[in-house]
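Open the model in your viewer and keep the selection panel at hand. This tour goes stop by stop, telling you what to pick and what you will find there.

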2 protein chains.
Amino acid sequence: MRQVTIKALARELRLSVSTISKALRDSHEISDATKRRVLELAARLNYSPNPYASSLRGRKSRNIAIVIPEVADSFFSLAINGITSVTKEKGYHSIICLTHEDYKDEQDILKAFHNGRVDGVLISVSGTTESGAHIRGLMDQGVPVVLFDRVLPDVPAPKVVTDDAASARNATQLLLDHGCRRIAFLGLSPQLSISADRLAGYEAALRENHYQPKAKDILSCGAGQQQNLLAIKKLLRQKDRPDGIVAAVEKLAPLVYQACNELSLRIPEDVKLICFSSLEIAGILQPSLSTVTQPAFEMGAKAAGLLMKLMAGKRAEMEVVVSAELTERVSSG
Amino acid sequence: MRQVTIKALARELRLSVSTISKALRDSHEISDATKRRVLELAARLNYSPNPYASSLRGRKSRNIAIVIPEVADSFFSLAINGITSVTKEKGYHSIICLTHEDYKDEQDILKAFHNGRVDGVLISVSGTTESGAHIRGLMDQGVPVVLFDRVLPDVPAPKVVTDDAASARNATQLLLDHGCRRIAFLGLSPQLSISADRLAGYEAALRENHYQPKAKDILSCGAGQQQNLLAIKKLLRQKDRPDGIVAAVEKLAPLVYQACNELSLRIPEDVKLICFSSLEIAGILQPSLSTVTQPAFEMGAKAAGLLMKLMAGKRAEMEVVVSAELTERVSSG
DNA sequence: GTGAAAGCGCTAACAA
DNA sequence: TTGTTAGCGCTTTCAC
């Protein structure tokens, strides 16, 4: 790691390191002539400041962390783009950290931020996260945190979320309008905000239509897609099986397609389906998938904006709620 | 950023900072009793070493970079998991950097590594990358680099690739065996190794079967999915349209489905399709998608392993070629 | 077995 | 306008 340092530039130009440092940061106390000489040499030698020295000295890293369950999900990959679109502009690096839906991993990741590695954290919690203590612990160290999409009620940090309950209510109502009489709900672990809120919306719609939500129509799916598939097939094999499904997360839709295929059930004739999904190819599935689509990019950008505010010592709104868009395609009709 | 530092521990225990440091690193010069006291206090105060100080002092960051075009692609998301499975174990952090298929972005990212920010780089180049100069420039600074999947011939670094030409040849042969007489090839920019190699395999298969590859049957797709769709539709609207398609990257498959839908062409009756893809849901698409699947996780893990070797100052194989798996489903038949 | 001190590269008071 | 100096938190000689 033979580096070009400020000291090297100083020696070369017979100037002091502080003069170089100031020139590089375009300080007004340095003459234009000197600045030019310094900048020219720096460019020629491909000088690049050592980020660790700057961070150590300045006690800030200009890094922020994006802590998410996984990356193989359209919502998160779009949200990442939204986040980086604002952080980049502000001169911050974004470090993507994956929890793989594991509470322990998430705790370990946040614990590793107790030392100034990042100046702020954007997080969407894992499906197995049981409490917000680890996030509060980080905040107690003075690290600004913003939650997005999958939030936790017991964390006093700004949150960017979708109107999950209303969206799920609309989605369920759509299936009811199309004649469904028994609708199942596929969620993730019930302690997850998005899962709970979407479930609440689903139940509200049922009640509004004088149906009683039944526990056996409500599935909590986990990380194992094989097991999830089995559970869905079991659900659809009952004699009085559901004729409609509201799926709360993207990765469950393909499983419903597969289960129906294997059980020779037709979508939408036998089972109608609508799914929360940012999948670009929803319209290309056969039959095309009706979706509730969150504005993923915007949510990421908004969350990053709030974090920037927080890091600048300013106050930020504690809750931003954005609307999801319901797109009716073939699977629900 | 009120931090627990070594100095704080030293003050608390009335020991010197160097003793604390040694105790924390389990040095043999420190008594067991002292070690225990130090470790106990460190745990109690939630001490976490400042990574910037360590990196500055030790002139190594224990960070590696994963530089890839995008994350919304099954191959890359799986490869990331493969990479982190080995880096994590070795105590390295992985920083994911997205080039968005942009050469300039890729250059900027690598340039930012000329200062010790990372100890090594894993890279799969963007579709618009024109030369390996920026990578060689980084290597000249002494930063170890390993390329995977999308490699560059003019970079003297270890590479982990799939047997692209052979796989494409087999895929093309499969379509020929199923009666295709005019097969199109959808690739990315021709300067991309995977695109060029897969194209070569496709052409070889055609020639072996006494067909002459035709330029107008070979499409170079870019970053814009809308334009790609248009190009595919134009291809399929010809009177003497192709009756088979070999698609070189995952994101092109949905476009072919959509184009066929819009043009009322049936897959596989009118157009047979096989695609390089690590998509988990390939089997659930309608019709199910025949695929050439690369061992993405393993490739990531292997590449990371080579990088670890390089960073340890050891020599590493210059080329590792792994086999892709052809899975025949409905779309090709 | 423990401690003092130097220095990684950079920035910012303060001096000149 | 430029230079001197101290110090960010840590590791590592070298001395005791």
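**Stop 1: the surface near DNA strand C**

Select the residues near DNA strand C in this predicted model. By class, that surface has seven nonpolar, 11 polar and eight charged residues. There are 26 residues around the strand, and Ile6(A), Tyr47(A), Arg57(A), Thr19(B) and Lys22(B) come nearest. Which part of the DNA accounts for 60% of the strand C atoms within 4 Å of the protein? Sugar and phosphate do.

Now pick single contacts. Start with Ala53(A): a polar backbone atom there is 3.3 Å from a base nitrogen of DNA strand C. Move to Glu29(B). An N or O atom in its side chain is 3.1 Å from a base oxygen of DNA strand C. Then select Arg59(B), where a polar side-chain atom lies 3.2 Å from a sugar or linking oxygen of DNA strand C.

Switch to a cartoon view. The elements giving two or more residues to this surface are α1 (6-13), α2 (17-24) and α4 (51-58) of chain A, together with α2 (17-24) and α4 (51-58) of chain B.

**Stop 2: the surface near DNA strand D**

Next, select DNA strand D and its surroundings. It has 25 residues around it; the closest are Ser18(A), Lys22(A), Ile6(B), Tyr47(B) and Arg57(B). By class, they are seven nonpolar, 10 polar and eight charged. Of the strand D atoms within 4 Å of the protein, 58% belong to sugar or phosphate, and the rest belong to bases.

Three contacts are worth a click. At Ile6(B), a polar backbone atom is 2.6 Å from a phosphate oxygen of DNA strand D. At Ala53(B), a backbone N or O atom lies 3.2 Å from a base nitrogen of DNA strand D. At Arg59(A), a polar side-chain atom lies 3.3 Å from a sugar or linking oxygen of DNA strand D. The elements that give two or more residues here are α2 and α4 of chain A with α2 and α4 of chain B.

**Stop 3: two helices of chain A**

Select α2(A) and helix α3 (residues 32-44) of chain A. Their axes come within 9 Å and cross at roughly 85 degrees. That crossing makes α2(A) roughly perpendicular to α3(A). Show the side chains. Thr19(A), Ile20(A), Ala23(A) and Leu24(A) in α2(A) meet Thr34(A), Lys35(A), Val38(A), Leu39(A) and Ala42(A) in α3(A). The residues of this contact divide into six nonpolar, two polar and one charged.

**Stop 4: the sheet of chain A**

Colour the strands of chain A. Six of them form an open sheet with parallel pairing, in the order β2-β1-β3-β4-β5-β11. Which strands are at the edges? They are β2 (93-98) and β11 (319-322) of chain A, each pairing on one side only. The twist from one strand to the next averages 15 degrees.

Zoom in on β3 (residues 120-123) and β4 (residues 145-148) of chain A, which pair in the parallel sense over three bridges. Leu122(A) has Val146(A) in β4(A) as its bridge partner.

Add the helices. Helix α6 (residues 103-111) of chain A packs on the sheet and touches β1 (63-68), β2 and β3 of chain A. Its direction makes about 165 degrees with that of β3(A). Helix α7 (residues 133-140) of chain A lies across β3 and β4 of chain A, running at about 150 degrees to β4(A).

**Stop 5: the sheet of chain B**

Go to chain B. Here six strands form an open sheet, paired in parallel, in the order β2-β1-β3-β4-β5-β11. Strands β2 (93-98) and β11 (319-322) of chain B each have a single partner strand, so one side of each is left without a neighbour in the sheet. Select β4 (residues 145-148) and β5 (residues 159-162) of chain B: two bridges join these parallel strands. Leu147(B) stands opposite Lys159(B) in β5(B). Helix α12 (residues 296-311) of chain B packs on the sheet, touching β1 (63-68), β3 (120-123), β4, β5 and β11 of chain B.

**Stop 6: backbone details in loops**

Select Gln286(A) and Pro287(A). A cis peptide bond joins them, with omega about -5 degrees. Pro287(A) is in the loop between β9 (272-276) and β10 (290-293) of chain A. In chain B, the peptide bond from Ile267(B) to Pro268(B) is cis, with omega near 5 degrees. Pro268(B) lies in the loop between α11 (253-262) and β9 (272-276) of chain B.

Finish at Asn46(B), in the loop between α3 (32-44) and α4 of chain B. Asn46(B) has a positive phi of about 65 degrees although it is not a glycine.

Methods:
Residues are numbered from 1 along each chain as its sequence is written. Chains are lettered from A and ligands numbered from 1 in the order in which they are written. This is a predicted model: local features need pLDDT of at least 70, side-chain atom pairs count only at pLDDT 80 or more; totals for chains, interfaces and linings use all residues. Side-chain values use heavy atoms; hydrogens and water are left out. Two strands pair if DSSP finds at least two bridges between them. Helices (H or I, at least four residues) and strands (E, at least two) are DSSP runs, numbered from the N terminus. Axes are lines fitted to C-alpha atoms, for helices over the stretch in contact, and angles run from 0 to 180 degrees between N-to-C directions. Contact means heavy atoms within 4.5 Å. A residue is near a molecule or strand if one of its heavy atoms lies within 4 Å of it. A polar contact is a pair of N or O atoms within 3.5 Å; within protein, one must be able to donate a hydrogen and the other to accept it, and residues adjacent in sequence count only if both atoms are side-chain atoms. Ala, Val, Leu, Ile, Met, Phe, Trp, Tyr, Cys and Pro count as nonpolar, Asp, Glu, Lys and Arg as charged, and the others, Gly among them, as polar. Angles under 35 degrees count as roughly parallel, over 145 as roughly antiparallel, 65 to 115 as roughly perpendicular and the rest as oblique.
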